Amino acid sequence: MIKRVLKEVAEEVRAIDTAMTELKKVTDATDSEYKEFLNDATNRAKELGATLVDTINASADMARLGYDLDAAAALADSALVYKNVG
């Protein structure tokens, strides 16, 4: 039981790290801005009923389209709402 939970936690940490790495590849922000983004993304994910990884990935997808980190996060939130609705 404990091993399974620890394995799941480790997998989730890896997934978050992978998502943040992808976001960093397509954006140009400081470490403090990424830290703030991650804290905000955690709260937004809870509000939207999405996972943290989905929230980060959606932001990275929007950033790939040329949006800055703040705009990408806002657009990602809209995309996640539509994903949950439809």
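Student: What covers the buried residues of H3?

Tutor: The cover includes H1, H2 and H4. Keep in mind that this is a predicted model. The buried residues of H3 are Leu52, Val53, Thr55, Ile56, Ala58, Ser59, Ala60, Met62 and Ala63.

Student: What pattern does the protein follow along the sequence?

Tutor: The pattern is α-α-α-α. There are four helices and zero strands. The radius of gyration is 13 Å, close to the 12 Å that the globule rule gives for 86 residues, so the protein is as compact as a globular protein of that length. Along its principal axes, the C-alpha trace spans about 45 × 35 × 20 Å.

Student: How do I check a helix for regular rise? Take H3: what should its 13 residues span at 1.5 Å a residue?

Tutor: Compare the expected span with the distance between the end C-alpha atoms. For H3 the expected span is 18 Å, and the end C-alpha atoms are 18 Å apart, so the two agree. H1 has 25 residues and should span 36 Å; its ends are 37 Å apart, which agrees. H2 covers residues 31–48, 18 residues in total, and reaches 25 Å, close to the expected 26 Å.

Student: Which residues of H2 are buried?

Tutor: Start with the general idea. An α-helix has 3.6 residues a turn, so residues three or four places apart point the same way. In H2 the buried residues are Tyr34, Phe37, Ala41, Arg44 and Ala45. They cover an arc of only 100° around the axis, which puts them on the same side of H2.

Student: Which exposed residues does the face turned away from the buried side of H2 carry?

Tutor: That face carries Ser32, Lys35, Glu36, Lys46 and Glu47. The buried residues of H2, in turn, pack against helix H1 (2–26), helix H3 (52–64) and helix H4 (69–85).

Student: Which residues of H1 are buried?

Tutor: Ile16, Ala19, Met20 and Leu23 are buried in H1. What covers them includes H2, H3 and H4.

Student: How many residues does the largest nonpolar core have?

Tutor: General idea again. In soluble globular proteins, nonpolar side chains tend to be buried together. Here the largest nonpolar core has 14 residues. Those with the most contacts inside it are Ile16, Met20, Leu23, Tyr34, Phe37, Ile56 and Leu69. The elements giving two or more residues to this core are H1, H2, H3 and H4.

Student: Take one core residue. What is leucine 23 in contact with, leaving aside its neighbours within four places in sequence?

Tutor: Leucine 23 is then in contact with Tyr34, Phe37, Ile56, Ser59, Ala60 and Leu69.

Student: Now a charged residue. Is arginine 44 buried or exposed?

Tutor: Apply the cut-off: buried means under 20% relative accessible area. Arginine 44 has 12% relative accessibility, so it counts as buried. Its place is in helix H2. Leaving aside neighbours within four places in sequence, arginine 44 is in contact with Phe37, Thr55, Ser59, Ala73 and Asp77.

Student: Where does aspartate 77 lie?

Tutor: Aspartate 77 lies in helix H4. Its relative accessible area is 18%, so aspartate 77 is buried. With neighbours up to four places away left aside, its contacts are Arg44 and Leu48.

Student: And what does threonine 55 touch, not counting residues up to four places away in sequence?

Tutor: Threonine 55 touches Ala41, Arg44, Ala45, Ala50, Ala76 and Leu80. Threonine 55 is found in helix H3. Its relative accessible area is 0%, so it is buried. For a longer reach, consider valine 85: it is 30 residues from threonine 55 in sequence and 15 Å away in space, C-alpha to C-alpha.

Student: What follows H2?

Tutor: Check the backbone phi there. H2 is followed by glycine 49, whose phi is positive, near 70°. Just after H3, glycine 66 takes a positive phi of about 105°.

Student: How do I sum up the whole chain? What share of the 86 residues counts as buried?

Tutor: The share is 31%. For contacts with a separation of 6 or more, residues 24 or more positions apart account for 50%. On the surface side, the protein exposes about 5900 Å². Carbon and sulfur atoms supply 55% of that area.

Methods
Residues are numbered from 1 along each chain as its sequence is written. This is a predicted model: local features need pLDDT of at least 70, side-chain atom pairs count only at pLDDT 80 or more; totals for chains, interfaces and linings use all residues. Side-chain values use heavy atoms; hydrogens and water are left out. The expected span of a helix is 1.5 Å times one less than its number of residues. Buried means under 20% relative accessible area, exposed over 50%, partly exposed in between (1.4 Å probe, protein chains only). The arc is that of the directions from the helix axis to the C-beta atoms. Contact means heavy atoms within 4.5 Å. The radius of gyration is taken over C-alpha atoms; the globule rule is 2.2 Å times the number of residues to the power 0.38. Accessible areas come from the Shrake-Rupley method with a 1.4 Å probe; for residues, only the protein chains shown count as cover. A nonpolar core is a set of buried Ala, Val, Leu, Ile, Met, Phe, Trp, Tyr and Cys residues joined through side-chain atoms within 4.5 Å.
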